[in-house]
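Colleague: I would like a close look at a single part of this model. Take the enclosed space inside it, and work outward from its walls.

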Amino acid sequence: MTVVIGILGLSFLIFFHELGHFVIARAMGVTVEAFSIGMGPVLLHFRKGATDYRLSLIPIGGYCSMKGENEYRKALDEKSPCIEGSPDSFYGVHPLKRLFIAFAGPMFNMIFAFIAFSVVAMCGYSYTTAGTTVMLTGDVPEYSDLSSPAAEAGMKSGDRILSIDGKPMEDFSEILSYVAIEGSETMTVEVERSGEILSIPVKTELDKESGARRMGIVSMEDSRVTKTYGPFPFFPAIGEGFVQTFKTLSVTVKGIVRLFQGVDIRNAVSGPVRVTAMLGSSVKEGFSEGFKTGIVNALELLALISISLFLTNLLPIPVLDGGLILFAFIEFIARRKMNPKLLYYIQLVGLFAVIGLVVLAVVGDIGYFIGKR
């Protein structure tokens, strides 16, 4: 059941992505020859206008097949110097229209994330976390083998963290999130100790496996607090949706940047197997605690994955939307159509790049699940 839930969740995000291509392609005057929910053999279909709407056997995402998408192959076979197409085909429209069509898929991923975060804000939820009084890892037996940059900087167990880099900290989850993802190499930690306020510069460590920064602190077990988020009225929830969407986007970009700082990419990059399992498990656990909790858990995780899909698809790799956007932009600037032979070789390089990433992700997935056993 966990795997089924995960597959359905990912399939919905892929379908929503393809829906973006469909809507904007129609708006730009490009004929959509087929639009399918699911992949593989067609189970049911009906034709309306020029489009064949399909329900396919394999419930994984879907596809939007546009007229003339593969015209470059025909041009390649015929050794044509450029890719020609009819006015209602993908390569026949103005390059800016083609750019918008390619961008529409990732854009719909962002729209979904915004909607999901807005709904979560309207629902609201409560969560239990620890307060801001911390212990050093060296003073906790199960973590005593871990180094502690906080201890080296002069912090002590029992210190209550007030702010980091001038940003107030309300609970331990905020501390953990800020240090792990948003923090810099050296952070200024303001603490309260025996009624005295101290400002301590702490040089953090980068965990090569997770890509997160760490200070070497844990929460005090007896400092548990219950916090609430929302619920917000409609218009404030819309605003909160925007805030959370762009906050998550910023955090995700920083996470990608960490990949170039010596992080073990096999652990940092999650493949489809691990994402499916994590999504299914999170949703299943959420619904076991109640319908509202299940909805909130599902929407938050789907929003996070959707934003990751947005960024991934914008990478300037030819077989992804980002590659199509780049080609269309170059064609617009150069005011001439691209040579199909050049496009073919660039796409070949892009294909190998994607295959390499997939292999790394799958190897990471295998290592992840073996490690859990």
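Modeller: One definition comes first. Ala, Val, Leu, Ile, Met, Phe, Trp, Tyr, Cys and Pro count as nonpolar; Asp, Glu, Lys and Arg count as charged; the others, Gly among them, count as polar. Keep in mind that this is a predicted model.

Now the space itself. A search of the whole structure turns up one cavity of 30 Å³ or more. The volume of this largest cavity is about 100 Å³. Its lining is made of Ile-83, Phe-90, Tyr-91, Arg-98, Leu-324, Phe-327, Ala-328, Glu-331, Lys-337, Met-338 and Leu-343. By class, that lining has eight nonpolar, no polar and three charged residues. The charged ones are Arg-98, Glu-331 and Lys-337.

Which helix gives the most to this wall? Helix H10, residues 321-334, does, with four residues. Leu-324, Phe-327, Ala-328 and Glu-331 fall within the range of H10. Past H10 comes a loop that leads to helix H11, residues 340-372. Arg-335 sits in that loop. Its phi is near 60°, a positive value in a residue other than glycine. Arg-335 is exposed, at 73% relative accessible area.

Another part of the wall is aromatic. Phe-90 and Tyr-91 both line the cavity, and both are buried. The structure holds 13 aromatic pairs. In one of them, the ring centres of Phe-90 and Tyr-91 are 5.2 Å apart and the planes stand at 85°, so the pair is edge-to-face. The cut-off for that label is over 60 degrees. Arg-98 joins this group: it lies over the face of Phe-90, at 6.0 Å from the ring centre. Phe-90 therefore pairs with Tyr-91 edge-to-face, and it carries Arg-98 over its face. Elsewhere, ring pairs link Phe-15, Phe-22, Phe-35, Phe-46 and Tyr-53 into a cluster.

Next, an open space for comparison. The second largest pocket has a volume of about 260 Å³. Its lining holds 16 residues, and Leu-176, Arg-214, Met-215, Gly-216 and Ile-217 lie nearest the centre. By class, this lining has 11 nonpolar, two polar and three charged residues. Helix H5 (172-182), strand S10 (213-214) and strand S11 (217-219) supply at least two lining residues each. H5 has the largest share, with five residues.

H5 also contains Ala-180. Ala-180 is buried, with a relative accessible area of 14%. From Ala-180 to Thr-204 is 24 residues along the sequence, and 9.4 Å in space between the C-alpha atoms.

Met-215, one of the residues nearest the pocket centre, leads to another buried site. Met-155 touches Met-215. Met-155 belongs to the loop between helix H4 (149-153) and S5. Its relative accessible area is 3%, so Met-155 is buried. Beyond sequence neighbours up to four places away, its contacts include Val-134, Leu-136, Ile-161, Val-191, Arg-193, Ile-200 and Val-202. Val-189 is a further contact; the C-alpha atoms of Met-155 and Val-189 are 9.1 Å apart, with their positions 34 residues apart along the chain.

S5, residues 160-164, runs on to a loop that ends at strand S6 (167-168), and Asp-165 lies in this loop. Asp-165 has a phi near 55°, again positive in a residue other than glycine. Its accessibility is 34%, so Asp-165 counts as partly exposed.

One more buried site is in helix H9, residues 291-313, where Ser-306 is found. Ser-306 has a relative accessible area of 0% and is buried. Setting aside neighbours within four places in sequence, Ser-306 is in contact with Leu-13, Asn-109, Phe-112 and Ala-113.

Last, the whole protein. It has 11 helices and 12 strands. Of its 373 residues, 40% count as buried. Among contacts with a separation of 6 or more, 68% join residues 24 or more positions apart.

Notes:
Residues numbered from 1 in each chain as written. Predicted model: local features only at pLDDT ≥ 70, side-chain atom pairs only at ≥ 80, totals over all residues. Heavy atoms only, no water. Buried < 20%, exposed > 50% of the residue type's maximum accessible area, 1.4 Å probe, protein only. Contact = heavy atoms within 4.5 Å. 1 Å grid on protein atoms, 1.4 Å probe; cavity = no way out; pocket = protein on both sides within 12 Å on 5 of 7 lines; lining within 4 Å. Points joined across faces, edges and corners; volume = space filled by probe spheres on them. Phe/Tyr/Trp six-rings, centres within 6.5 Å; stacked < 30°, edge-to-face > 60°. Lys NZ or Arg CZ within 6 Å of the ring centre and 35° of its normal.
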